[in-house]
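Welcome, and thanks for taking a look at this one with me. Please keep the structure open beside the text as you read.

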Amino acid sequence: MNQKVVLITGCSSGIGLALAVHIAKDEKKRFMVYATMRNLSKADALIEAAGRTLGRTLEIKQLDVCDEASIKACVDSLPERRVDILSNNAGIGLIGPIECQSIDEMKTLMDTNFFGLVRLMKETLPDMKRRKKGHIVVISSVMGIQGILFNDVYAASKFALEGFCESLAIQVLRFGLNISLIEPGPVITEFERKVYEEGLKIDLSKADKVTADMFTNIYLKSYKQIFETLGQVPEDVAEHTFKVITMDNPPFRHQTNTLYTPMTTLKYADPGGDLPIETFYKMVFEHDKVFTTSLNFLKLLRWRSRKSFSLDKSN
Ligand SMILES: NC(=O)C1=CN([C@@H]2O[C@H](COP(=O)(O)OP(=O)(O)OC[C@H]3O[C@@H](n4cnc5c(N)ncnc54)[C@H](OP(=O)(O)O)[C@@H]3O)[C@@H](O)[C@H]2O)C=CC1
Ligand SMILES: CC1=C(/C=C/C(C)=C/C=C/C(C)=C/C=O)C(C)(C)CCC1
């Protein structure tokens, strides 16, 4: 059988785990998935979710995107070093005022979110070019399109990914290769929990009072609510990504959350760039009550649609 080889990074939890399992469970068994993680002692959740696919269409391997030797060892261990679909998913978040973040923290984030992809591409792209076959599927973010308050460095890392891929996409077209950027909005995963908990622990003494207050009383206060109202589950993102992977002509960009697209559309609607900045400013500082009420309304709608869905299923 001519299975496509898929290599995914960051499969110990969240989107990476859901994507690996979704692809491995393909009914037609069109894919052989190498689900990788930096720390194999965290494999239990993936092993459980993979079920009978483990050892059949899914295999677990060690790979740390910050470690060139680990990437090389993983790729060298694959039959003929072949990777047909490379899915760069591993990533970390960081929120807060930049005055309270160290350069080392920022470098670790860039090293993981951006240079992680660069290292993977340097290891796999030459072979893909030689074979004239390959699809690079990058888990970017809506923050690869537009910045969000207190996500300065994280958004920068996703913009870096997007600029890198947009440039390379032109070159690789010459070899018949594809690159796709998957752009989810908020997704309920470990990422959300870790980022929020780290956010609560930040020493805000280095920030002025207005900034500290903005972070605590506006950003952190609405954070949970935004995930509850706009958040997707990782399986949703996996389903979207699977569709992109199985397309004959996959798009360069794909947003996974229709509730979020009105926000990203603001970017494309104004070449001057002020529209999203002013709208977000107004949403947060001038129409905060309307913003909170809209989020509460959305939450209610989602709760009702989930309730009627479960009632439908029980009938
Ligand atoms: N959750 C969200 O709201 C959104 C997330 N994204 C992006 O989705 C991707 C996956 O995040 P998500 O599933 O939400 O979060 P999770 O925290 O659940 O998963 C992140 C994964 O990345 C792994 N990872 C971190 N550093 C490295 C490294 N150096 N080498 C290899 N693996 C590493 C983690 O491993 P370990 O368990 O060892 O830490 C984990 O498996 C990220 O790129 C993120 O930026 C995009 C849009 C929204
Ligand atoms: C504060 C704020 C917002 C927050 C958005 C958030 C918090 C998005 C998170 C996205 C994530 C976590 C992506 C990961 O890659 C909105 C809704 C745009 C409205 C304007 C003000």
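What follows is a short tour of the fold, the cores, the two ligand shells and a few single residues.

## Overall fold

Please keep in mind that this is a predicted model. The chain contains twelve helices and seven strands. Its radius of gyration is 20 Å, close to the 20 Å that the globule rule gives for 315 residues, so the chain is as compact as a globular protein of that length. Along the principal axes, the C-alpha atoms fill a box of roughly 60 × 55 × 40 Å. Of the 315 residues in the chain, 32% are buried. If you look at contacts between residues at least 6 apart in sequence, 76% of them join residues at least 24 apart.

An unreviewed UniProt entry carries the annotation "domain: Ketoreductase" for residues 4–185. That span is 42% helix and 18% strand, and its end C-alpha atoms lie 28 Å apart.

## The nonpolar cores

Which residues have the most contacts inside the largest nonpolar core? They are Val6, Ile8, Ala20, Ala24, Val33, Ala35 and Val138, in a core of 48 residues. Helix H1 is the top contributor to this core, giving eight residues. Apart from it lies another core of nine residues, including Met143, Phe150, Tyr154 and Phe215.

Ala24 is a good place to zoom in on the largest core. Leaving aside residues up to four places away in sequence, Ala24 touches Phe31, Val33, Ala50, Thr53, Thr57 and Leu58.

## Around the two ligands

Ligand 1 has 29 residues around it, and Gly10, Gly14, Ala90, Gly91 and Phe191 come nearest. Helix H1 (14–24) and helix H7 (190–201) each supply at least two residues of this shell. Helix H1 thus appears here as well as in the largest core. By class, the shell around ligand 1 divides into twelve nonpolar, twelve polar and five charged residues.

Ligand 2 is surrounded by 13 residues, and the closest are Ser141, Pro186, Ile226, Phe280 and Met283. Two or more residues of this shell come from each of helix H8 (209–230) and helix H11 (274–286). Helix H11 gives the most, with three residues. In the shell around ligand 2 there are ten nonpolar and three polar residues, with no charged ones. For setting up a calculation on either pocket, the class make-up is a handy thing to have at your elbow: five charged residues around ligand 1, and none around ligand 2.

## Two annotated residues

Tyr154 is covered by the annotation "active site" in the unreviewed UniProt entry. This residue is found in helix H6 (residues 152–173). Is Tyr154 buried or exposed? Tyr154 has 23 other C-beta atoms within 10 Å, and because 20 or more count as buried, Tyr154 is buried. Not counting residues up to four places away in sequence, Tyr154 touches Gly93, Leu94, Leu109 and Met143. Met143 and Tyr154 are also both among the members of the nine-residue core.

Ser141 is listed by UniProt (unreviewed entry) for "binding site", and Ser141 is one of the closest residues to ligand 2. Ser141 sits in the loop between strand E5 (135–139) and helix H6. With 29 other C-beta atoms within 10 Å, Ser141 is buried. Beyond residues up to four places away in sequence, the contacts of Ser141 are Lys158, Glu183 and Pro184.

## Two residues with positive phi

Most residues other than glycine have a negative phi. Two exceptions in this chain are set side by side below.

| Residue | Phi | Place | C-beta atoms within 10 Å |
|---|---|---|---|
| Glu80 | near 55 degrees | loop between helix H3 (68–76) and strand E4 (85–88) | 8, exposed |
| Lys132 | about 55 degrees | loop between helix H5 (115–131) and strand E5 | 10, exposed |

Neither Glu80 nor Lys132 is a glycine, yet the phi of each is positive. Glu80 counts as exposed because the cut-off for that class is 12 or fewer C-beta neighbours and Glu80 has 8. Lys132, with 10, is exposed too.

How values were computed
Residues are numbered from 1 along each chain as its sequence is written. Chains are lettered from A and ligands numbered from 1 in the order in which they are written. This is a predicted model: local features need pLDDT of at least 70, side-chain atom pairs count only at pLDDT 80 or more; totals for chains, interfaces and linings use all residues. A residue is near a molecule or strand if its C-beta atom, placed from the backbone, lies within 6 Å of it. Helices (H or I, at least four residues) and strands (E, at least two) are DSSP runs, numbered from the N terminus. Ala, Val, Leu, Ile, Met, Phe, Trp, Tyr, Cys and Pro count as nonpolar, Asp, Glu, Lys and Arg as charged, and the others, Gly among them, as polar. UniProt positions are given in the numbering used here, feature names are shortened, and annotations may be inferred rather than shown by experiment. A nonpolar core is a set of buried Ala, Val, Leu, Ile, Met, Phe, Trp, Tyr and Cys residues joined through C-beta atoms within 7 Å. Two residues are in contact if their C-beta atoms, placed from the backbone, lie within 7 Å. The radius of gyration is taken over C-alpha atoms; the globule rule is 2.2 Å times the number of residues to the power 0.38.
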